[in-house]
Amino acid sequence: MNARDKTRDQLPIGSDAAPSDVAVHAKLELSAWCCAIVAPFIAKTGEARYYLRGINVSPAPGGGAIICATNGHAMGIYHDKNAVCEVASTFKFDRGTLAACAAGGAERMVVMRNNRLTVIDQRGGEVCIQPGSPVIDGSIPYPSYERVIPRAERLQRGMVAAVNGTLIGLVTQSSAVAERALRRSVYMRAIEFYNDEGNRNACTVARVADLPDFIAVLMPMHVDSVGTVLPEWLNAARSAA
């Protein structure tokens, strides 16, 4: 598949990203748990589009960084207000690094030390050092979250599109990471869904009640609707009662 092609259930490709090497990320600082929150959305190893097999980080307007991951069918985005990011790039996170990000509460950070992605604790001690260069080739465009997320005036409460349950599961995985990191759980599992002007063929937006800086976008499945709102056996049972 060409980098600029997409099927109907895939996210649109964004603008070209400039290539970047490791040295330009010397000042990088990310909240480790924020990386773990979007990690469920990273494309799997078998995904042909290798540039989706990482976490995209870009400077946020007003400060911090936008941390984003997508498998092409769903996207998870978080605004890390405490991050330092000077250059947009996509980074590979191996399994050990992601595990270190998900542990240790909200105190751990991801930084670049000696050209290696490193997870550190609140005292600066190195918890995990990822071998090799973490930068994924930036010459291929990464999906743009600005284009993927519908504008607020288009969104209506409720889900109208058919959505693969696996994609909804990614949101629950993200909320579980946040629950452990922030040590609160009352509303962390409450997910609200929004549709794009009632269009069954458009994306669904997911928000987590107690996680206002997180948003997920789920692309629709194009399937035939269920023939009846309720199953026929239930209608028959009620008629017989």
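**Figure 1. Strand β1 meets strand β6 in this predicted model.** S31 has M109 of β6 as its bridge partner. A second pair on the same two strands is L30, which stands opposite V110 in β6. Strand β1 covers residues 29–31. Its pairing with β6 is antiparallel and runs over 3 bridges. Strand β6 spans residues 109–113. Of its 5 residues, 4 are buried, so the rest of the structure largely encloses this strand.

**Figure 2. The hairpin of β6 and β7.** Strand β7 takes in residues 116–120. It pairs with β6 in the antiparallel sense, over 5 bridges. Within this pairing, V111 stands opposite T118 of β7. The hairpin has 2 residues between its strands. What is the backbone like at N114? Phi of N114 is positive, about 50°, although this residue is not a glycine. N114 is found in the loop between β6 and β7. Is N114 buried or exposed? N114 has a relative accessible area of 72%, so it counts as exposed.

**Figure 3. The open sheet of 4 strands.** The strand order is β1-β6-β7-β8, and the pairing is antiparallel. Strands β1 and β8 stand at the edges. Each of these two has a single partner strand, so one side of each lacks a neighbour in the sheet. Strand β8 covers residues 126–129. Neighbouring strands of this sheet are turned by 30° against each other on average, with direction ignored. Helix α2 packs on the sheet. The strands touched by α2 are β6, β7 and β8. The direction of α2 makes about 155° with that of β8.

**Figure 4. Strand β2 and its two pairings, with β5 and with β3.** Strand β2 covers residues 55–59. Here 4 of the 5 residues are buried, so β2 is largely enclosed by the rest of the structure. Strand β5, residues 89–91, runs antiparallel to β2 and is joined to it by 3 bridges. One bridge partner in β5 is S89, which faces V57. Strand β3, residues 65–70, also pairs with β2 in the antiparallel sense, here over 4 bridges. In that pairing, P59 stands opposite A65 of β3. Strands β2 and β3 form a hairpin with 5 residues between them. G62 lies in the turn and has a positive phi of about 90°.

**Figure 5. The surroundings of S58 in strand β2.** Is S58 buried or exposed? Its relative accessibility is 11%, so S58 counts as buried; the cut-off for that class is under 20%. Which residues does S58 contact, leaving aside its neighbours within four places in sequence? They are G64, A65, I66, C85, A88 and Y145. A65 appears here as a contact of S58, and it also stands opposite P59 in the pairing of β2 with β3.

**Figure 6. The largest pocket and its lining.** About 640 Å³ of space lies in this pocket. How many residues line the largest pocket? The lining holds 24 residues. A39, I42, A43, K44 and L98 lie nearest the centre. By class, the lining has 12 nonpolar, 5 polar and 7 charged residues. Helices α2 (95–102) and α4 (165–182) each supply at least two residues to it. Which element gives the most to the lining? Helix α4 does, with 6 residues. Helix α2 thus has two roles in these views: it adds to the pocket lining, and it packs on the sheet of Figure 3.

**Figure 7. E197, a residue other than glycine with positive phi.** Phi of E197 is near 55°. Where does E197 lie? It is in the loop between β11 (191–196) and β12 (204–208). Its relative accessible area is 45%, so E197 is partly exposed. N114 of Figure 2, by contrast, is exposed.

Key
Residues numbered from 1 in each chain as written. Predicted model: local features only at pLDDT ≥ 70, side-chain atom pairs only at ≥ 80, totals over all residues. Heavy atoms only, no water. Buried < 20%, exposed > 50% of the residue type's maximum accessible area, 1.4 Å probe, protein only. Pairing = 2+ DSSP bridges. 1 Å grid on protein atoms, 1.4 Å probe; cavity = no way out; pocket = protein on both sides within 12 Å on 5 of 7 lines; lining within 4 Å. Points joined across faces, edges and corners; volume = space filled by probe spheres on them. Nonpolar A, V, L, I, M, F, W, Y, C, P; charged D, E, K, R; others polar. Axes fitted to C-alpha atoms, helices over the stretch in contact; angles between N-to-C directions. Contact = heavy atoms within 4.5 Å.
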